[in-house]
Structure formats: C-alpha cells, structure tokens
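This report concerns charged side chains, their pairing and their exposure to the surroundings. Please keep the sequence and the structure in view while reading.

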Amino acid sequence: MYVNIMKKNRNEKKSNKKSDKKLFGGKNVFTIISGIFLLALFVVFGISTINQHKDISRLESQKEEISAEYEEQTQENKELQAVLDSDSLDDYIEQKAREKGYVKSNEIVFYDISSSK
C-alpha cells in the first residue's frame, strides 16, 4: 500500500511537471505570445488605416478648395486677357484708376460732405 501511494505521488508529480512545462515552456506560452503579438499588430494596422483615411478626407477637401480657386483665377485671367486684346484698354485702365481714387490732372474734383454720417 505504501508503494502504491509512492507511485501515485510520483505520477502526480510527473503530471504536474508536464502541465508546468506546457504552461511555461511549451506550446501554450508560444500560442499566447503569438496571439498577443497578432492582436497588437492588428491594433497598430487598424489605427494606421484610420489615420490614413482621415488624411485622405482632409486632402480631398483641400483639393476641392484649390480647384475652385483655380477655376476662379482662370476665369479672371480670361477676362483680363480679353481686356488686353480689345481696343478699350485705355478705358479699362482709366476705370481702375478712378476706382482707386485717381483723377486726371486737369479735372476739378468735388467732394460731397453733406451725406457724411
């Protein structure tokens, strides 16, 4: 009976050692570590993808704004080129000068001060 108990204790110790080996030095540790690594890798790629999507959205809206500015500038350039090509260039220059407050040297300027607020 004493021998059976000893054998039983030895078998339990061996089985405990085997489970310890599996837990700490076997495939289970490798599986856990690789699982954690893959999860971390998935999180990093997910965050990176979200950041790239935000950047793409920001750049697309910036592109639309710049395209609108480009179209406005192109239209203004066409209008200016039409003025340069026409015979009314002197009229255009005079109009722009008057908008800035310039007058001809022989003109008399009157200022209306009655409507000042």
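## The pair Lys-96 and Glu-99

Glu-99 counts as exposed, because its relative accessibility of 51% lies over the 50% that the class requires. The model in which this value was computed is a predicted one. The side chain of Glu-99 meets that of Lys-96 in a salt bridge, with a distance of 3.5 Å from N to O. Lys-96, with a relative accessible area of 33%, is partly exposed.

Both residues belong to helix H3, and because they are three residues apart there, about one helical turn separates Lys-96 from Glu-99.

## A network that includes Glu-94 and Arg-98

Helix H3, which covers residues 89-99, also holds Glu-94 and Arg-98, placed four residues apart, or about one turn of the helix. These two residues form a salt bridge in which the closest N and O atoms are 3.3 Å apart. Glu-94 is partly exposed at 31% relative accessibility, and Arg-98 is likewise assigned to the partly exposed class, at 37%.

The pairing of Glu-94 with Arg-98 does not stand alone, since a network of salt bridges links Glu-94, Arg-98 and Glu-107.

## The pair Asp-55 and Arg-58

In helix H2, Asp-55 and Arg-58 lie three residues apart, which again corresponds to about one turn of the helix. Their side chains form a salt bridge whose closest N and O atoms are 3.9 Å apart, a separation that qualifies because the criterion asks for a nitrogen within 4 Å of a carboxyl oxygen. By this rule, the count of salt bridges comes to four.

As for exposure, Asp-55 has a relative accessible area of 38% and is therefore partly exposed, while Arg-58, at 46% relative accessibility, also counts as partly exposed.

## A negative patch on the surface

Which residues gather in a patch of negative charge on the surface? The patch brings together Glu-60, Glu-64, Glu-65, Glu-69 and Glu-72. Glu-60, one of these residues, is found in helix H2, which spans residues 27-85.

Why can Glu-60 be part of such a patch? Glu-60 is partly exposed, with a relative accessible area of 49%, and it meets the requirement on exposure because members of a patch must have over 30% relative accessible area. The definition also asks that members have no salt bridge, so the glutamates of this patch, Glu-60 among them, are set apart by that rule from residues such as Asp-55 and Arg-58, which form a salt bridge with each other.

Terms used: Residues numbered from 1 in each chain as written. Predicted model: local features only at pLDDT ≥ 70, side-chain atom pairs only at ≥ 80, totals over all residues. Heavy atoms only, no water. Patch = residues over 30% accessible without salt bridge, like charges linked within 9 Å, V, L, I, M, F, W, Y side chains within 5 Å. Areas by Shrake-Rupley, 256 points an atom, 1.4 Å probe, with all protein chains shown as cover. Lys, Arg positive; Asp, Glu negative; His and termini not counted. Charge placed at Lys NZ, Arg CZ, Asp CG, Glu CD. Helix = DSSP H or I, 4+ residues; strand = E, 2+ residues; numbered from the N terminus. Buried < 20%, exposed > 50% of the residue type's maximum accessible area, 1.4 Å probe, protein only.
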